[in-house]
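Here are my notes on this one, as numbered points. Have the coordinates open while you read.

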Amino acid sequence: MIALVLRRLLQSALVLLVMSLLVFVAVYAIGDPIALLVDPQADQHDVARVRASLGLDAPWWAQYGYFLVAAGRGDLGQSFIHGEPAIRLVLERMPATLELASAALLIALFAGVPLGLWAGLRPNSISARLVNGLSLLGFSLPTFWVGMMLIMLFAVGLGWLPTGGRGPTEPVFGVPLSITGIAGWRHLLLPAATLALFKWSLLLRLTAGATREAMRQDYVRFARARGLSPARIVGVHVLKNILIPIVTVSGLEFGSLIAFAVVTETVFAWPGMGKLLIDSIAVLDRPVVVAYLLITVALFVAINLVVDLLYALLDPRVRFGSTA
Amino acid sequence: MSRSGYAALIALTLLVGAALFAPWLAPQNPYDLAALDVFDARLPPGSPAYAGQMHYWLGTDAQGRDMLSAMLYGLRISLVVGFASTVLALLIGIVFGLIAAWRGGWVDALVMRIVDVQLSFPAILLALVLLAVTGPGLAKIVLALVAAQWAYYARATRGVALVERNKDYIAAARLLRLPSWRVLAHHLLPNCLPTLLVVAALQLAAAISLEATLSFLGIGLPVTEPSLGLLIANGFQYLLSGRYWISVFPGVLLVLLLVSCNVLADALRRLADPREAAR
Amino acid sequence: MVLAVDHLSLRIPGAQRTVYAVDDVSFAIAPGEVVALVGESGSGKTLTALALAGLNEAAVQRVGGSIRLQGEELTDLSERALRRLRGAALSVVFQDPMATLNPVLTVGTQLSETVLAHRRVGRQEARRRAVSALQAVGLPEPELRLRAYPHQLSGGMRQRVAIAAALINEPALLIADEATTALDATLQAQILALVRAHGHAHGTAVLWVTHDLAVAAGFADRVLVMYGGQLIETGPADRVLRQPAHPYTAALLAAIPSRAEPGSELATLPGQPPDLAPPPPGCRFRERCPIARAECAAGPALHALGAERQVRCFFPLVTS
């Protein structure tokens with residue numbers, strides 16, 4: 001188990017290094033930052049001096065080295081617009097995004113898994129077809145439009161919920177969260193439901209398929225032969241097996257939730273790092289874009305690591321290795 | 001094919017037809033600024049025009065543009081982007097997938113590692129970054145979509161090609177010393193097509209949806225080429241004041257398009273894999 | 001009698017054709033008796049065995065007949081009532097020891113849940129019974145095995161665990177469906193000896209379903225041979241196997257390698273088992289029978305051959 005953790009940690013560090021190189025090269029390829037920093041009237045000599053003072057006369061691999069060293073110290077440059085360290089801007093908005101993505105994942109899980117289980121247990125019924133059609137619709141609806149329709153219905157039409165923004169936050173272990181109060185939940189409900197829709201469809205399909213598959217397995221037949229109750233067969237024997245793919249996929253999809261939060265945050269004016277990214281792209285605030293990308297990549301790598309470990313925890317065949 | 005599959009095929013054909021013949025079907029040329037009348041701005045559905053005999057059956061937008069016409073032209077742009085990026089990504093994916101399966105060894109390992117890494121990152125993030133670098137534009141968004149989607153086709157092609165490669169008829173073709181490209185194009189590729197068709201139908205929907213999303217975010221298409229996504233975005237601010245039609249109608253059309261694609265893909269998948277259909 | 005099956009018939013209705021899979025099967029098993037139900041795949045032996053426990057797929061319909069376990073009629077019981085019997089009064093063990101146990105639950109969990117499903121005992125007591133059940137099937141270090149997951153055990157050990165789970169509530173009847181087919185010959189012999197000893201010691205009736213006559217030979221007290229959905233020969237194992245009465249039984253015996261004369265060619269049975277949708281009229285073995293005559297078109301009934309044997313043939317190879 002410890003060897004597994006160490007191996008995964010090493011792999012994660014490697015991926016992070018490669019991605020930082022890619023991001024660096026992409027930014028390096030976009031253009032010469034000197035043009036932005038130096039007065040257009042400056043002569044050749046001045047340009048060379050500024051270039052040297054910023055270390056931009058060094059070959060690209062040396063510059064990458066400086067970049068890595070600075071990144072290691074947590075320095076990804078200053079925002080052109082806000083005049084603050086880019087990394088701080090992104091990190092400040094991260095709790096809002098993680099709060100939104102976590103809420104969406106929970107909604108998708110609690111609405112998708114039981115329904116998928118229910119449909120998977122009656123594979124050829126009308127209700128199973130209905131669930132299949134519903135998940136197909138969920139796949140097809142574009143997130144941003146669903147968000148707008150929900151705003152129209154629940155905020156503008158019925159006036160039950162706010163049209164956007166985040167509720168008041170309170171620090172929880174130093175992290176500002178909005179889910180401590182009713183107002184926070186009222187703000188969170190619509191954006192989280194919007195973001196959850198696609199993953200709900202996915203989990204619905206996955207659970208229904210995995211349940212159908214599990215019910216055909218010999219261990220279910222043997223469990224029936226031992227006179228176990230249907231509740232125990234489904235709730236323990238089947239659920240423990242299908243939980244493995246469900247947890248794996250939910251974990252991996254959490255990254256995609258963070259990415260798609262860009263859209264949801266824009267629709268609902270949710271002050272997360274996705275909205276920051278869109279705003280920064282609009283005003284060409286490059287250091288913030290780079291900081292967002294690197295932090296997101298690091299987040300993805302961390303998520304993958306956690307999923308791998310969870311997987312090992314859930315599946316004894318992975319945890320103990322196969323002896324047979 | 002299932003009945004819902006045929007229904008989706010018919011709906012898709014009608015939508016493509018409507019987009020193709022938009023100049024003849026639309027009551028108004030939405031890009032002809034001379035045809036627009038500011039007095040007609042933000043009219044609800046069914047309103048008569050301030051001047052002339054025309055009725056705006058689906059209302060007008062902030063510039064007094066007939067929504068029905070704008071939607072037909074928007075559908076055109078959405079479909080052009082969707083089909084162009086799908087065809088290009090398909091071609092690139094086929095080439096890389098076939099090369100990986102045919103050559104094997106380190107070539108295969110390299111291509112598939114790139115594919116794996118790329119697919120572990122959400123397509124929207126990749127497209128977002130590329131567009132942030134290149135700026136908005138029709139060709140640029142097609143490029144971004146191709147970059148975000150080629151890997152799906154490469155993986156699907158390689159998967160089928162690997163299975164086919166080990167079959168006797170390929171060995172026979174190789175023994176006859178047919179040139180590699182001939183074996184690939186005439187023998188291997190046709191067997192990959194059913195799978196690729198399913199992936200393409202799914203990815204067409206994904207591409208159209210992604211384009212609409214990026215345009216909604218304001219980094220996809222420029223305002224001069226309003227796709228359905230951009231039309232929806234334009235109506236967003238009026239939604240809060242109850243002028244629903246500017247966003248809702250283009251959205252319904254977009255959803256219709258996406259549902260048709262996905263239902264068709266589902267039907268094709270069942271057709272290509274009867275074992276799946278029996279479930 | 002622990003089990004009495006009378007005139008059991010099963011069919012599988014289909015959109016185009018209905019398969020008449022089991023036709024009028026009757027037999028009984030006494031306490032402690034080990035009975036082998038032998039036949040090729042498609043003979044209806046597995047459907048017959050699973051019907052006793054109500055474990056066939058929903059598509060398999062019982063057309064008629066009765067199944068009595070310790071005097072209780074099972075065919076009238078609800079699924080709920082049947083479930084209370086399964087794992088308690090009668091148990092079933094399946095073929096594939098790799099797939100029979102749940103891969104994500106420990107051996108201990110799967111054994112004790114079987115106890116807890118039927119007996120009003122605490123977890124401690126269930127655990128204790130699990131240990132002694134593992135001991136009974138000859139698994140070394142049972143306390144250690146309780147914490148193991150199935151993949152950590154060998155195939156033979158897994159099948160012992162499955163049998164321990166089946167016997168843990170001391171059922172009156174144990175049904176085994178090809179339970180040792182996937183194991184090698186030595187393991188198979190060990191497990192058969194174990195089950196036989198347990199059956200004789202505790203008075204457990206055993207119905208062992210197999211395609212392998214050699215298994216029946218060394219292990220069973222009595223043999224039931226099925227062909228084309230019907231019983232075609234029954235009787236004490238030693239007598240049926242030494243002197244088969246039905247030509248089909250004889251053909252099966254001739255095809256066992258260890259019984260053939262060294263150097264001689266193995267006899268093989270030409271032809272295919274009959275299509276049961278619907279079954280052919282007359283004797284169902286007629287097409288493949290070396291001694292078939294015109295009379296066989298009428299179709300023989302299962303009739304007594306002496307006191308202990310029965311045969312479904314107009315021209316049995318032995319006479320009483």
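**Notes on the model**

1. Let's start with chain B: of its 279 residues, 51% count as buried, where buried means under 20% relative accessible area, exposed over 50%, and partly exposed in between (1.4 Å probe, protein chains only). Before going on, note that this is a predicted model, in which local features need pLDDT of at least 70, side-chain atom pairs count only at pLDDT 80 or more, and totals for chains, interfaces and linings use all residues. Residues are numbered from 1 along each chain as its sequence is written, chains are lettered from A and ligands numbered from 1 in the order in which they are written, and side-chain values use heavy atoms, with hydrogens and water left out.

2. Staying with chain B, the make-up is eleven helices and two strands; helices (H or I, at least four residues) and strands (E, at least two) are DSSP runs, numbered from the N terminus. Reading from the N terminus, the order is α-α-β-β-α-α-α-α-α-α-α-α-α. Of the chain B contacts with a separation of 6 or more, 70% are between residues 24 or more positions apart, contact being heavy atoms within 4.5 Å. The exposed area of chain B is about 12,900 Å², with 67% supplied by carbon and sulfur atoms; that is a Shrake-Rupley accessible area with a 1.4 Å probe, and for residues, only the protein chains shown count as cover.

3. Next, the interface of chains B and A. Here 36 residues of chain B touch 38 residues of chain A. Between them the two chains bury about 3,100 Å², and 82% of that is on carbon and sulfur atoms. Buried area here is the accessible area (1.4 Å probe) that two parts lose on being put together, summed over both.

4. How many salt bridges are there between chain B and chain A? The count is one, taking a salt bridge as a side-chain nitrogen of Lys or Arg within 4 Å of a carboxyl oxygen of Asp or Glu. Asp266(B) and Arg205(A) make a salt bridge through their side chains, at 3.6 Å from N to O. The rule also gives one residue pair in polar contact across this interface, both at pLDDT 80 or more. A polar contact is a pair of N or O atoms within 3.5 Å; within protein, one must be able to donate a hydrogen and the other to accept it, and residues adjacent in sequence count only if both atoms are side-chain atoms.

5. Which parts of chain B do the touching? Helix 5 (123-134), helix 8 (180-216), helix 9 (228-239) and helix 10 (245-272) of chain B each put at least two residues into the side that touches chain A. Helix 10 of chain B has the largest share, 13 residues. By class, that side of chain B holds 25 nonpolar, seven polar and four charged residues. For the classes, Ala, Val, Leu, Ile, Met, Phe, Trp, Tyr, Cys and Pro count as nonpolar, Asp, Glu, Lys and Arg as charged, and the others, Gly among them, as polar.

6. Now chain A against chain C: 26 residues of chain A are in contact with 31 of chain C. The pair buries about 2,500 Å², 58% of it on carbon and sulfur atoms. On the chain A side, Phe222(A), Arg224(A) and Arg226(A) lose the most area to chain C, together 27% of what that side buries.

7. The polar side of the A–C interface: the rule finds three salt bridges and twelve residue pairs in polar contact, both residues at pLDDT 80 or more. One of the salt bridges joins Arg226(A) to Glu113(C), with the closest N and O atoms 3.1 Å apart. Helix 9 (218-225), helix 10 (230-268) and helix 13 (316-319) of chain A each supply at least two residues of the side that touches chain C. Helix 10 of chain A gives the most, seven residues. By class, this side of chain A has eleven nonpolar, seven polar and eight charged residues.

8. A residue to click on in chain A is Thr143(A), in helix 7 (residues 143-157). Thr143(A) counts as buried because its relative accessibility is 16%. Leaving aside neighbours within four places in sequence, Thr143(A) contacts Thr194(A), Phe260(A) and Thr264(A).

9. Some backbone items in chain C. The peptide bond from Ala277(C) to Pro278(C) is cis, with omega near -5°; Pro278(C) lies in the loop between helix 11 (247-254) and strand 11 (303-305) of chain C. Asp24(C), in strand 2 (residues 19-29) of chain C, is not a glycine, yet its phi is positive, near 55°.
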